[in-house]
Amino acid sequence: MPARDPALIHPTAVVSEAAQLAPDVRVGPFAVIEGDVRVGAGTVVGPQTHLIGPLTLGANNHVGTGTVLGGAPQHLGYKGEPTTVEVGDGNTFREHVTVHRGMPVGVGPGTGTTRVGHRNLFMAGSHVAHDCVVGNECLFANAAVIGGHVVVGDRALLSGNSAVHQFCRVGRLALLSGASASSKDIPPFWVMQEVNWVCGVNTIGMRRAGIASPEIQAVRRAFSLIYKDKMPIPVALMKMEAEWGQFAAVRELAQFIRTSKRGICGGHRFHGHGEGEGDGETRESAAA
């Protein structure tokens with residue numbers, strides 16, 4: 001284990017002998033690093049944080065005041081078994097974020113691990129429950145929460161005070177509006193608001209991700225099959241693949257919907273000013 005530089009670790013911090021910190025890790029006042037915690041280079045552990053092992057943090061993460069990473073699952077079936085949280089590189093956890101470790105393998109659908117990818121932003125008070133998988137470059141705005149076993153795709157945006165039900169999936173570049181909730185899967189590129197209402201396609205997010213205009217338009221036409229034409233979803237899937245299956249985004253969308261276990265909202269759950277209007281909500285404005 002590399003030698004710890006006392007100048008980088010505040011004298012009021014409590015760091016377990018079992019912890020493994022890269023030499024340049026900074027630890028703030030009254031932080032507690034408990035058990036088998038591994039922290040990568042360039043990471044800053046802020047004041048009054050609590051890191052609980054088994055926990056792995058990659059490089060260049062920032063852990064804000066009062067954040068708890070590696071807490072026990074909030075599940076009545078958990079009996080203290082050693083499970084873990086694995087976090088990638090370049091994530092920012094702002095004030096009072098909580099990420100709980102997985103349920104044990106063999107206890108229901110427990111995977112043993114909660115996983116967070118790279119370069120995500122978790123704003124104040126957001127929560128990642130047990131056994132979740134969060135991709136890369138996602139944004140959880142203030143008090144956004146996801147239940148156990150939720151899977152969140154890359155660059156998804158969960159706006160302030162939003163919630164995703166356990167076992168749901170949130171597709172790549174999907175957007176859940178502020179003070180909204182979903183108990184269904186949110187397909188890639190969809191925008192949802194209120195409770196399970198669909199309102200458009202995240203066209204600005206798609207453009208920022210480098211998706212070309214013809215591919216975006218194909219996704220919008222696929223969206224219209226379900227929510228404007230109100231086709232039955234199996235029929236809409238066949239039609240979108242037949243007409244626009246040359247586009248990777250359409251294939252991704254169709255595969256996501258076809259493999260959904262919780263289902264997606266049908267055409268009767270669409271409202272808004274018209275498909276595409278309201279698509280202009282950006283990552284910044286949605287998080288405000």
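**Group meeting: loops and cores in a predicted model**

Okay, let's start in a loop: Ala 129 sits between strand E16 (127–128) and strand E17 (133–134). Helices and strands here are DSSP runs, H or I of at least four residues for a helix and E of at least two for a strand, numbered from the N terminus.

Quick housekeeping before I go on. This is a predicted model, with local features needing pLDDT of at least 70 and side-chain atom pairs counting only at pLDDT 80 or more, while totals for chains, interfaces and linings use all residues. Residues are numbered from 1 along each chain as its sequence is written, and side-chain values use heavy atoms, with hydrogens and water left out.

Back to Ala 129: buried or exposed? Ala 129 has 8% relative accessibility, so it counts as buried. Buried means under 20% relative accessible area, exposed means over 50%, and partly exposed is in between, with a 1.4 Å probe and protein chains only. Skipping residues up to four places away in sequence, Ala 129 touches His 100, Thr 114, Ile 146, Gly 147 and Gly 148; a contact here is heavy atoms within 4.5 Å. There's also a C-alpha pair worth pulling up: Ala 129 and Gln 74 are 55 residues apart in sequence and 7.7 Å apart in space.

Next loop, the one between E13 and strand E14 (113–116), which holds Met 103. Met 103 counts as buried, at 2% relative accessibility. Which residues is Met 103 in contact with, leaving aside neighbours within four places in sequence? The list includes Pro 73, His 75, Gly 77, Tyr 78 and Thr 83, plus Gly 110, His 130 and Asp 131. Its C-alpha is 8.1 Å from that of Glu 81, and those two are 22 residues apart along the chain.

For contrast, take Lys 79, in the loop between strand E10 (68–71) and E11. Lys 79 is at 65% relative accessibility and counts as exposed. Lys 79 and Gly 160 are 81 residues apart in sequence, and their C-alpha atoms are 32 Å apart in space.

Then there's Lys 184, between strand E25 (181–182) and E26. Lys 184 counts as partly exposed, at 30% relative accessibility. Outside four places in sequence, its contacts are Cys 168, Arg 169, Asn 196, Arg 262, Gly 263, Ile 264 and Cys 265. Phe 167 is 17 residues from Lys 184 in sequence and 9.0 Å away, C-alpha to C-alpha.

Now the backbone oddities, since somebody always asks. The Gly 53 to Pro 54 peptide bond is cis, omega near 0°, and Pro 54 is in the loop between strand E7 (50–52) and E8. His 96 isn't a glycine, yet its phi is positive, near 60°. His 96 lies between strand E12 (92–93) and strand E13 (98–100), and it is exposed, with a relative accessible area of 51%. Arg 155 also has phi near 60°; that one is in the loop between strand E20 (151–152) and strand E21 (157–158), partly exposed at 21%.

On to the cores. In soluble globular proteins, nonpolar side chains tend to be buried together. My definition of a nonpolar core is a set of buried Ala, Val, Leu, Ile, Met, Phe, Trp, Tyr and Cys residues joined through side-chain atoms within 4.5 Å. The largest one has 72 residues, and Leu 51, Phe 140, Ile 146 and Met 240 have the most contacts inside it. Elements giving two or more residues to this core include strand E5 (37–39), strand E27 (197–201), helix H2 (213–227), helix H3 (233–244) and helix H4 (248–258). Which element gives the most? That's H2, with eight residues.

Zoom in on Phe 140: beyond four places in sequence, it touches Leu 121, Phe 122, Met 123, Val 134, Ile 146 and Leu 158, among others. Apart from the largest core lies another, of seven residues, including Met 123, Leu 139, Leu 157 and Leu 175.

Last, the whole chain. The secondary structure comes to five helices and 27 strands. Of the 288 residues, 52% count as buried. The C-alpha trace spans about 65 × 40 × 30 Å along its principal axes. Among contacts with a separation of 6 or more, 37% come from residues 24 or more positions apart.
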